[in-house]
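Let's take a friendly walk through a protein model together. Keep the sequence and the 3D view side by side as you read.

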Amino acid sequence: MNRDALLGAAFIVVAMLFWGGNATIGRFAMTTDLPPIGVNFWRWTVALAILLPLTAHTLWRQRGLLWRHRVYCLGLGLSGVTLFNAFFYVGLQSTTAVQGSLIAALLPLMILVLGAVYAGTGIAARQVGGLVLSIGGAALVVVHGDIAVLRTLRLNPGDFWCLAAVLAWAVQTFMLRYKPPEMDIMALVTASMGLGWLALIPAYAVETTLGGAMRFDADTLLMVGYLGLFASVIAFSLYNAGVIRVGSASAGYFGNLYPVFSALLAVAFLGEAIAWYHATGGLLVLGGIYLATVPTGALRRRPAG
């Protein structure tokens, strides 16, 4: 990787660390009974409240460019803001966290398939090897090293929602390869975030009308505040900037750091014990990222002379 790609990789790793905190914050605040669309709506409301004052000047300066590419911005907003989070939150209401996490591990596979189908990019053997290592490492952490857990899995309605969520995120990641080079990344993040937030309003109104009113208490405010600042403004911005630098296909492999970071943060903040599968799974994911993203020439160094 060149210096720009290394910086992009660092951006994505930090984003995954903040997203890994989602699980820790959610368990700490005990908010599993909150309405999924409501959580998503208020998460992005907080994010926009933070981001708009910082990017308003750039948005105004690039308003013409953003308008010309409004369909592109809307696609990013719907896939990354509206659909991914809403689908995943809904899915977790009727499936297990284990199955949701295993489905999320399919992200790099979906991005590779999208690239092959819509961009004509080939799939190299090293990418397949990296895919196997990455998914295997994530799965090992998710099932806590007990492979027998896989035999107990049963198909649930929520699995299809989680699968649709991961597909939406893969589409968002894939679309970033087509960002207009003259468009400021933070202007794009804010515009797509705002459009995705607007699309959430009707769904939030329906959910509230049907009895899924959002509850506001100390735990809820803690979770929404974390999601809005760290998991949305910071992580979302870093992830998008990172994907543009390393490419959508490479970025997908980093997604499997999510369960590793979630587990390590639970060890650090919830007092859970660290186990062999944390280290083994993490090494497998890192090995998969290295194998899939480091150019072949760098893997085979020729002797001097």
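This report looks at the core, one helix with its surface patch, two buried spots, a turn in a loop and the salt bridges.

Before we begin, remember that this is a predicted model.

**The core**

A good place to start is the inside. In soluble globular proteins, nonpolar side chains tend to be buried together. Here the largest nonpolar core has 73 residues, and Ile-12, Trp-19, Met-193 and Tyr-239 touch the most other members. Helix H10 (residues 218-246) gives this core its largest share, 12 residues. Pick out Met-193 in the viewer. Setting aside neighbours within four places in sequence, Met-193 is in contact with Trp-44, Ala-47, Leu-48, Leu-51, Val-81, Ser-232 and Phe-236.

**Helix H6, inside and out**

Next, find helix H6, which covers residues 107-118. H6 has 12 residues and spans 16 Å from its first C-alpha to its last, close to the 16 Å expected at 1.5 Å a residue. Which residues of H6 are buried? They are Leu-107, Pro-108, Met-110, Ile-111, Leu-112, Leu-114 and Gly-115. The buried residues of H6 pack against four helices: H5 (97-104), H7 (125-142), H8 (157-175) and H11 (248-254).

H6 also has a side to show to the surface. Leu-109, Val-113, Val-117 and Tyr-118 make a nonpolar surface patch of about 400 Å². Here is a handy rule for reading such a list. An α-helix has 3.6 residues a turn, so residues three or four places apart point the same way. Leu-109 has a relative accessibility of 36%, so it counts as partly exposed. Just after H6 comes Gly-120, whose phi is positive, at about 70°.

**Two buried spots with shared partners**

Now move to helix H2 (residues 36-61), where Thr-58 has its place. Is Thr-58 buried or exposed? Thr-58 counts as buried because its relative accessibility is 16%, and the cut-off for buried is under 20%. Not counting residues up to four places away in sequence, Thr-58 touches Asp-184 and Ala-187.

Gln-62 sits in the loop between H2 and helix H3 (63-68). With a relative accessible area of 9%, Gln-62 is buried as well. Leaving aside its neighbours within four places in sequence, Gln-62 is in contact with Glu-182, Met-183, Asp-184 and Ala-187. Asp-184 and Ala-187 therefore appear in the contact lists of both Thr-58 and Gln-62.

**A turn in a loop**

Look at the loop between H7 and H8, where you will find His-144. His-144 has a phi near 55°, a positive value in a residue other than glycine. At 49% relative accessibility, His-144 is partly exposed.

**Salt bridges**

Side chains of opposite charge can pair when their charged atoms come close. How many salt bridges does the structure hold? There are 2, and the table sets them out.

| Salt bridge | N to O distance | Relative accessibility of each residue |
|---|---|---|
| Arg-245 and Asp-4 | 3.2 Å | Arg-245 33%, Asp-4 42% |
| Arg-215 and Asp-217 | 2.7 Å | Arg-215 31%, Asp-217 28% |

Arg-245 belongs to helix H10 and Asp-4 to helix H1 (residues 3-29), so this pair ties together parts that are 241 residues apart in sequence. Arg-245 is partly exposed, and Asp-4 is partly exposed too. In the other pair, Asp-217 and Arg-215 are likewise partly exposed.

How values were computed. Residues numbered from 1 in each chain as written. Predicted model: local features only at pLDDT ≥ 70, side-chain atom pairs only at ≥ 80, totals over all residues. Heavy atoms only, no water. Patch = residues over 30% accessible without salt bridge, like charges linked within 9 Å, V, L, I, M, F, W, Y side chains within 5 Å. Areas by Shrake-Rupley, 256 points an atom, 1.4 Å probe, with all protein chains shown as cover. Salt bridge = Lys/Arg side-chain N within 4 Å of Asp/Glu carboxyl O. Helix = DSSP H or I, 4+ residues; strand = E, 2+ residues; numbered from the N terminus. Buried < 20%, exposed > 50% of the residue type's maximum accessible area, 1.4 Å probe, protein only. Expected span 1.5 Å × (residues − 1). Contact = heavy atoms within 4.5 Å. Core = buried A, V, L, I, M, F, W, Y, C linked by side-chain atoms within 4.5 Å.
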